[in-house]
Amino acid sequence: MKEALIVDLNGFITDVTLVDDHISGVFPIYRELPARGTEEQPQKAVELIGYTIAVPVPEGLHLPKWDFAEERWVEGKPAGELLVLQKANKLAELKRLCTEAIEGTFTSFALGEEHVYSFDTETQLNFQSTKELMNMHPNFTQTSWKTRDAGVLMHTKEQFTRLWLDGQMHKTNLIEKFRRLEKEIEHATSVDAVNSIRW
């Protein structure tokens, strides 16, 4: 057995039913009306109330609708509503990707050669507190800091300041990228235009 969908006369899904695996296609659903005619010669009457659609719904449709003329599933949500929904989904996706990029890694030449550093939330807090300690205590002139590629390395105050600035620029550049893409989403006039926006 497999699922088939019951739709109303406009093609919108109203329920789900089960059909045999080999069944495929569109089948009308009728309802019997009260008998007409006389007692001796009653006339049965039926009314078409919907269809059973044994055709899989393709992915990507927000509100599937069966198009009886084209005999296929189409998008049933109005274009304006779909655009608003797609913009909100794309914005949420870009926010997530931006956060992941910020909290990933960045590279710095603070030590004279390139090294890779983490920048997750905890590390960002540690960066800030270490920088403040260095500014407050003149004797705090160096600190060891973990790289992703070479383990823990010693950084002088000047090197750490450069590293901190590189981390801040890493974050700032990604936020600016997000803001540019946010503007693109805002000005997009079609779902295809929204979907074409990539991080």
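**Exercise 1. Find which residues touch the most other members of the largest nonpolar core, and which elements supply the core.**

Start with the hubs. The largest nonpolar core has 18 residues, and Leu94, Phe106, Phe127, Trp145, Phe160 and Leu163 touch the most other members. A nonpolar core here is a set of buried Ala, Val, Leu, Ile, Met, Phe, Trp, Tyr and Cys residues joined through side-chain atoms within 4.5 Å. Buried means under 20% relative accessible area, exposed over 50%, and partly exposed in between (1.4 Å probe, protein chains only).

Now the elements. Two or more residues come from each of helix H1 (79–102), helix H2 (121–136) and helix H3 (157–187). H3 gives the largest share, seven residues. Helices (H or I, at least four residues) and strands (E, at least two) are DSSP runs, numbered from the N terminus.

A word on the model before going on: it is predicted, so local features need pLDDT of at least 70 and side-chain atom pairs count only at pLDDT 80 or more, while totals for chains, interfaces and linings use all residues. Residues are numbered from 1 along each chain as its sequence is written, and side-chain values use heavy atoms, with hydrogens and water left out.

**Exercise 2. Work out what Trp145 touches, then look for another core.**

Set aside residues up to four places away in sequence. Trp145 then touches Tyr117, Thr123, Asn126, Phe127, Thr130, Gly151, Val152, Leu153, His155, Phe160 and Leu163. Contact means heavy atoms within 4.5 Å. Apart from the largest core lies another core, of six residues, including Leu5, Tyr51, Ile53 and Trp66.

**Exercise 3. Check H3 and H1 against their expected spans, and list what they bury.**

Step one is length. The expected span is 1.5 Å times one less than the number of residues. For the 31 residues of H3 that should be 45 Å, and its end C-alpha atoms are 45 Å apart, which agrees. H1 agrees too: 24 residues should span 34 Å, and its end C-alpha atoms are 34 Å apart.

Step two is burial. In H3, the buried residues are Phe160, Leu163, Trp164, Asp166, Gly167, His170, Leu174, Phe178, Leu181 and Ile185. H1 buries Leu82, Leu83, Gln86, Lys90, Leu94, Cys98 and Ile102.

Step three is the cover. The buried residues of H3 pack against H1, strand S7 (105–108), strand S8 (115–118), H2, strand S9 (142–147) and strand S10 (151–156). For H1, the cover includes strand S6 (72–75), H2, H3 and helix H4 (191–195).

**Exercise 4. Take three of the salt bridges and say where each partner sits.**

The structure holds eight salt bridges. The criterion is a side-chain nitrogen of Lys or Arg within 4 Å of a carboxyl oxygen of Asp or Glu. The general idea is that side chains of opposite charge can pair when their charged atoms come close.

- Glu100 pairs with Arg96, with the closest N and O atoms 3.3 Å apart. Both lie in helix H1, four residues apart, about one turn of the helix. Glu100 is partly exposed at 46% relative accessibility, and Arg96 is partly exposed at 45%.
- Arg162 meets Asp166 at 3.2 Å, N to O. They are four residues apart in helix H3, so about one helical turn separates them. Arg162 is partly exposed at 40%, whereas Asp166 counts as buried at 17%.
- Glu182 meets Arg179 at 3.2 Å, N to O. They are three residues apart in helix H3, again about one helical turn. Glu182 is partly exposed at 26%, and Arg179 is partly exposed at 47%.

**Exercise 5. Place Thr156 and find its contacts.**

Thr156 is found in strand S10 and is partly exposed at 29% relative accessibility. Leaving aside neighbours within four places in sequence, Thr156 is in contact with Thr141 and Gln142. Thr156 and Gln142 are 14 residues apart in sequence, yet 4.1 Å apart in space, C-alpha to C-alpha.

**Exercise 6. Decide whether the chain is spread out or a compact globule.**

Count elements: the protein chain has four helices and ten strands, running β-β-β-β-β-β-α-β-β-α-β-β-α-α from the N terminus. Its radius of gyration (over C-alpha atoms) is 31 Å, well over the 16 Å that the globule rule gives for 199 residues, so the chain is more spread out than a compact globule. That rule is 2.2 Å times the number of residues to the power 0.38. The C-alpha atoms fill a box of roughly 110 × 40 × 25 Å along the principal axes. Of the 199 residues, 27% count as buried.
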